[in-house]
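Student: I would like to learn how to read a structure feature by feature, beginning with its open spaces and then going on to its interior and its charged pairs. Could you take me through one case?

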Amino acid sequence: MSRPVLDVRDLKKIYGEGEATVHALRGVSLTVERGDYVAIMGSSGSGKSTLMNILGALDVPSSGAYLLDGVDVSRLADRQLALARNRLIGFIFQAFNLIPRTSAVANVELPLAYAGVKPRERRRRAMAALDLVGLADRARHEPNQLSGGQQQRVAVARALVTEPALLLADEPTGNLDTRSTEDVLTVFDELNAAGRTIVLITHEPEVGDRTKRLIRLVDGRIVHDARQAPVTV
Ligand SMILES: Nc1ncnc2c1ncn2[C@@H]1O[C@H](COP(=O)(O)OP(=O)(O)OP(=O)(O)O)[C@@H](O)[C@H]1O
Ligand SMILES: [Mg+2]
């Protein structure tokens, strides 16, 4: 079997010190194989964002081991950590985080520009990514000319244009209505069917129900981690 995309062992995260100490993660172990589709659920304060930030190499754990696509990121210095992050992870946020007054295709091209890809190749790959999320016909539209669901699909295209090992999404449907949520989840289903590895955080049971695997966090610990029956729509 190939190496897992994510392999974390006994992650702990402690914030603050003395009386203000918070044990946000109390020993989380988790493996995610290539092609999996995972939802992480839990109530407010259970440690979801803390875990997400560590999985996304945006923060470091207090202790524990963390391999991202076989790379021990807990041992990397800041600059190398940023490089590993850019190369290995595509982020999707609740608030879309698109650049205003900038076309959809230019937004999607941005990570490729940082990676030094030439303009013509950038455009080709950005258009292909927009096509994957069903928005090739909106390439010239600016964010304020797109619906919330369309903006989030542009953000998904931007996250996958670099071909990352992992798509990591923090409440990706948190700002969307039912219809747009469905559109974004359909894109995730298609991307996963094409082999993409997706990990998302959600409060919404109907989002958690759609993934292949559901993990529940309570008070910094995993209390449930199971495969789900496939949804027949
Ligand atoms: N920077 C910080 N300093 C101190 N404590 C923190 C910090 N960030 C988070 N915490 C604490 O760690 C615990 C877990 O927080 P976290 O943000 O991971 O929860 P969450 O599950 O994402 O909650 P929500 O659903 O409200 O976003 C909480 O008790 C929180 O107060
Ligand atoms: Mg949170």
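Student: What is the volume of the largest pocket, and which residues are the closest to its centre?

Tutor: Since this is a predicted model, every value here is computed from predicted coordinates. The largest pocket has a volume of about 580 Å³, and of the 19 residues that line it, Asn86, Ile89, Pro111, Tyr114 and Thr162 are the closest to its centre. Two or more lining residues come from each of α2 (78–88), β6, α3 and α5. Sorted by class, the lining of this pocket consists of 11 nonpolar, four polar and four charged residues.

Student: How many cavities of 30 Å³ or more does the structure hold, and which residues line the largest cavity?

Tutor: A cavity differs from a pocket in that a probe fits inside but cannot get out. The structure holds one cavity of 30 Å³ or more, and the space in the largest cavity comes to about 40 Å³. Its lining is made up of Ile54, Ala57, Asp59, Val60, Pro61, Tyr66, Val73, Ser74 and Leu81, which divide into seven nonpolar residues, one polar and one charged.

Student: Turning to the interior, which residues of the largest nonpolar core touch the most other members?

Tutor: That core has 37 residues, and those that touch the most other members are Val108, Leu130, Val154, Val156, Phe188 and Leu191. At least two residues of the core are supplied by each of β3 (37–42), α3 (104–114), α4 (119–132), α5 (148–160), β7 (166–170), α6 (178–193) and β8 (198–201), with α5 giving the most, namely six residues. There is also a second, separate core of 30 residues, which includes Leu30, Ile40, Val199 and Leu217.

Student: Which residues does Leu191 touch, leaving aside those up to four places away in sequence?

Tutor: With that restriction, Leu191 touches Leu132, Val156, Leu160, Leu167, Arg196 and Ile198.

Student: How should I read the burial of a helix, and which residues of α3 are buried?

Tutor: An α-helix has 3.6 residues a turn, so residues three or four places apart point the same way. In α3, the buried residues are Ala104, Val105, Asn107, Val108, Glu109 and Leu112, and what covers them includes α4 and α5. Beyond the helix, α3 is followed by Gly116, which has a positive phi near 80°.

Student: Glu109 is a charged residue in that list. With which residue does Glu109 form a salt bridge?

Tutor: Side chains of opposite charge can pair when their charged atoms come close. Glu109 forms a salt bridge with Arg123, with the closest N and O atoms 2.3 Å apart. Because Glu109 lies in helix α3 and Arg123 in helix α4, the pair ties together parts that are 14 residues apart in sequence. Glu109 counts as buried, at 8% relative accessibility, whereas Arg123 is partly exposed, with a relative accessible area of 31%.

Student: How many salt bridges are there, and which parts of the chain does the pair of Asp219 and Arg26 link?

Tutor: The count comes to 19 salt bridges. In the one between Asp219 and Arg26, the closest N and O atoms are 3.8 Å apart. This pair links distant parts of the chain, Asp219 being in the loop between β9 (213–218) and β10 (221–227) and Arg26 in strand β2 (residues 22–32), 193 residues apart. Both count as partly exposed, because the relative accessibility of Asp219 is 43% and that of Arg26 is 32%.

Student: What of Arg75, and which residues are linked in a network?

Tutor: Arg75 forms a salt bridge with Asp72, in which the closest N and O atoms are 2.9 Å apart. Arg75 is exposed, with a relative accessible area of 70%, while Asp72 is partly exposed, at 24%. The network of salt bridges links Asp36, Arg213, Asp225 and Arg227.

Student: Lastly, where are Asp10 and Asn97 placed, and what is the phi of each?

Tutor: Asp10, although not a glycine, has a positive phi of about 50°, and its place is in strand β1 (residues 6–15). Asn97, also a residue other than glycine, has a positive phi near 55° and lies in the loop between β6 (89–93) and α3. Asp10 is partly exposed, with a relative accessible area of 39%, and Asn97 is partly exposed, with a relative accessible area of 39%.

Conventions
Residues are numbered from 1 along each chain as its sequence is written. Chains are lettered from A and ligands numbered from 1 in the order in which they are written. Side-chain values use heavy atoms; hydrogens and water are left out. A nonpolar core is a set of buried Ala, Val, Leu, Ile, Met, Phe, Trp, Tyr and Cys residues joined through side-chain atoms within 4.5 Å. Buried means under 20% relative accessible area, exposed over 50%, partly exposed in between (1.4 Å probe, protein chains only). Helices (H or I, at least four residues) and strands (E, at least two) are DSSP runs, numbered from the N terminus. Contact means heavy atoms within 4.5 Å. On a 1 Å grid over the protein atoms alone, a cavity is a set of points where a 1.4 Å probe fits but cannot get out, and a pocket is an open set with protein on both sides within 12 Å along at least five of seven lines; lining residues have an atom within 4 Å of a point. Grid points are joined across faces, edges and corners, and a volume is the space filled by probe spheres set on the points. Ala, Val, Leu, Ile, Met, Phe, Trp, Tyr, Cys and Pro count as nonpolar, Asp, Glu, Lys and Arg as charged, and the others, Gly among them, as polar. A salt bridge is a side-chain nitrogen of Lys or Arg within 4 Å of a carboxyl oxygen of Asp or Glu.
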